[in-house]
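The following account leads the reader through one protein structure, strand by strand and helix by helix. Please keep the sequence and the structure in view while reading.

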Amino acid sequence: MNVTDTARTIISEPVIGPATLHLASSDGTETELITVDTLNDRAFAALRDPTEFAEVEIGDWSYSLAWPLEVELGGDPLWRDTLLATGDGAERAFLEWRMRPALSLSKAAEALGVSRQMAASYSNGEKTCRSPILRACRGWDVGHGLYQAASSLPKPNAHAY
């Protein structure tokens, strides 16, 4: 990350029920996250116990959530779930595209022919991810043999220019 990127940090993570958090971020975004799908992953199985789940703390650099069981949920999946909860589909689609092949901001920017700062702006929701960028993401997936993954991207809206 460089000084021109906006860093969204977690400022609170109160547990409001089993598998449910009220997550507040430094940019003012607040959402209720229901983490049932995440807890279905084998890596998070221990957190299905409400007592263990309630032990959540803000992780290093305020970018993740961590539990004493050495289980951590990173910022990108948390932001993706926040976008899902708040209905920001294009930004979520861009972030999911980056996460599938684990592209860094620099690699995503290179793949799409945009600056790293622009890729960061799409990832953090600072800029709206328009149809041409989503088409480029779909094309990159197809070009890298990830056609099935590409079909999960929302179809670009012709009026989104």
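In this predicted model, a suitable place to begin is the hairpin of β2 and β3, where two residues lie between the strands and Ala19 takes a positive phi near 65°. Strand β2 covers residues 15–17, and it pairs with β3 in the antiparallel sense over two bridges. Within this pairing, Gly17 stands opposite Thr20 of β3.

Strand β3 itself comprises residues 20–25 and is mostly covered, five of its six residues being buried. Besides β2, strand β3 has further partners. Strand β1, formed by residues 10–12, runs antiparallel to β3 and is joined to it by two bridges; here Ile10 is found opposite Ser25. Strand β4, residues 30–34, is also antiparallel to β3, and five bridges join the two. One position in this pairing is Leu23, whose bridge partner in β4 is Thr31. The hairpin that connects β3 and β4 has four residues between the strands, and in it Gly28 takes a positive phi near 95°. As a general principle, the strands of a sheet pair through backbone hydrogen bonds, in either a parallel or an antiparallel arrangement.

Further along the chain there is an open sheet of three strands, with the order β5-β6-β7 and antiparallel pairing. Its edge strands are β5 (57–58) and β7 (71–73), each of which pairs on one side only. The antiparallel pairing of β5 with β6, residues 65–67, extends over two bridges. In this pairing Ile58 stands opposite Leu65 of β6.

The description now turns to the helices. Helix α4 (residues 89–99) and helix α7 (residues 131–143) have axes that come within 10 Å and cross at roughly 25°. Angles under 35 degrees count as roughly parallel, and α4 and α7 are therefore roughly parallel to each other. The crossing in which α4 passes α7 is left-handed. On the α4 side the contact is made by Ala90, Ala93, Phe94 and Trp97, and on the α7 side by Ile133, Leu134, Cys137, Trp140 and Asp141. Sorted by class, this contact of α4 with α7 contains eight nonpolar residues, no polar residues and one charged residue.

How does the packing of α4 with α6 compare in its angle and axis separation? These two helices pack at an angle of about 120°, with their axes 8 Å apart. α4 and α6 are therefore oblique to each other. From α4, the residues Glu91, Phe94, Leu95 and Arg98 meet Ala119, Tyr122 and Ser123 of α6. By class, the contact of α4 with α6 has four nonpolar, one polar and two charged residues. Phe94 thus appears in the contact with α7 and also in the contact with α6.

Helix α6 merits attention in its own right. Spanning residues 116–123, it has Ala119, Ala120, Ser121, Tyr122 and Ser123 as its buried residues. These buried residues pack against α3 (75–86), α4, α5 (105–112) and α7. Just after α6, Gly125 takes a positive phi of about 80°.

Terms used. Residues numbered from 1 in each chain as written. Predicted model: local features only at pLDDT ≥ 70, side-chain atom pairs only at ≥ 80, totals over all residues. Heavy atoms only, no water. Pairing = 2+ DSSP bridges. Axes fitted to C-alpha atoms, helices over the stretch in contact; angles between N-to-C directions. Parallel < 35°, antiparallel > 145°, perpendicular 65-115°, else oblique. Left-handed = near helix turned anticlockwise from the far one by under 90°. Contact = heavy atoms within 4.5 Å. Nonpolar A, V, L, I, M, F, W, Y, C, P; charged D, E, K, R; others polar. Buried < 20%, exposed > 50% of the residue type's maximum accessible area, 1.4 Å probe, protein only.
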